[in-house]
Amino acid sequence: MASSQTLIFLSLLLLLITSTHALTKVAPGPTPAPLNLTSILEKGSQYKTLLRLLKETQIGEQIESQLNNSFSGLTVFAPTDNAFSNLKAGTLNSLTSQDQVSLVLYHVLPRYYTPEMFQTTSNPVRTQATGNNGVYTLNVTSTTSQLNVSTGVDQTEVSNSLYTTFPLAVYSVDKVLLPEDLFGPKPPAAAPAPEEGADKPKDKTPSGKARAPSAAADASASGAGLRRVGWVGAVVGVVFVGSFL
């Protein structure tokens, strides 16, 4: 009987311990929402042109995919609507679809940078844009109170930070960053090849005048003239003699 009561007591004790452990177990917290560059820019309310380009070029989707699958993070320089308005009229429309992709990617760095990290970063800094000459780069100079970005075509200050939590940093800029590969001076065009069958220049003397006939040509011309005079004289003589017969 005592052993039976002991067994029941141990069973109840085990049940009590298990129930207490289940009650004290911490429930998992909510899963953090994936980073969304679009929502960050929409909150800024002055990046409509950039948002349109991100959508049309599909770079927005690419960036968000990278953010949620990257160990290095990303840094984005976000030009304001005024920055795009200050471009020369027709600049965006003059770009091909691929050039627009390159322009947008030129504003994206393939790692996360805080303002303090830029102070020790070596220039030039690589972007995510590439072209015939390789990876597009830019220069970033930083002090304790100011951050400047230059491309070789233009330069601007970072006006404020929109988001700086790893793995994403977003900085607002007042100018569109123009890569030198797309907007720098173009090499001079090659001279056109001469057309086939073009007339060759006439032979001239060093003084630029037409070359005079040679002595041989003069003698030949003189001989021909004398022969013509002899024939004429013979004909006249025959006619003269005949008139007396």
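Start by selecting helix 3, where helices are DSSP runs of H or I with at least four residues, strands are E runs of at least two, and both are numbered from the N terminus. The buried residues of helix 3 are T49, L50, L51, L53 and L54, and buried here means under 20% relative accessible area, whereas exposed means over 50% and partly exposed lies in between (1.4 Å probe, protein chains only). What you are viewing is a predicted model, in which local features need pLDDT of at least 70 and side-chain atom pairs count only at pLDDT 80 or more, while totals for chains, interfaces and linings use all residues. Residues are numbered from 1 along each chain as its sequence is written, and side-chain values use heavy atoms, with hydrogens and water left out.

Now show what surrounds these residues: the cover over the buried residues of helix 3 includes helix 2, helix 4, strand 1, helix 5 (81-85) and helix 6. Just after helix 3, click on Q58, which has a positive phi, near 65°.

Move next to helix 4 (residues 59-67) and select I59, G60, I63, E64 and L67, which are its buried residues. They lie on the same side of helix 4, because they cover an arc of only 135° around the axis, the arc being that of the directions from the helix axis to the C-beta atoms. Among the elements that cover them are helix 2 (37-44), helix 3 (48-56), strand 1 (74-79) and strand 7 (168-173).

Your next stop is R111, in the loop between strand 2 (108-109) and helix 7 (115-118). With a relative accessible area of 37%, R111 is partly exposed. Once its neighbours within four places in sequence are left aside, R111 is in contact with S72, G73, L74, T75 and M117, where contact means heavy atoms within 4.5 Å. Draw a distance between the C-alpha atoms of R111 and S72, which are separated by 4.9 Å although the two residues are 39 apart along the chain.

Then turn to the aromatic rings. Rings of Phe, Tyr and Trp (its six-membered ring) pair if their centres lie within 6.5 Å, and planes under 30 degrees apart count as stacked, over 60 as edge-to-face and the rest as tilted. By this rule the count comes to 6 aromatic pairs. In one of them, Y106 and Y136, the ring centres are 6.1 Å apart and the planes stand at 70°, so the pair is edge-to-face. Y106 sits in the loop between helix 6 and strand 2 and Y136 in strand 4 (residues 134-142), so this pair ties together parts that are 30 residues apart in sequence. Y106 is buried at 0% relative accessibility, and Y136 is buried too, with a relative accessible area of 6%.

For the pair of Y113 and F118, the ring centres are 4.6 Å apart and the planes are at 15°, so the pair is stacked. Y113 is buried at 7% relative accessible area, and F118 is buried at 2%. Add F77 and Y171 to the selection, and you will have the one aromatic cluster that these four residues form.

Finish at the largest pocket, whose lining includes D99, S102, N132, Y136, E180 and K186. Helix 8 gives the most to this lining, with 3 residues.

Conventions:
1 Å grid on protein atoms, 1.4 Å probe; cavity = no way out; pocket = protein on both sides within 12 Å on 5 of 7 lines; lining within 4 Å.
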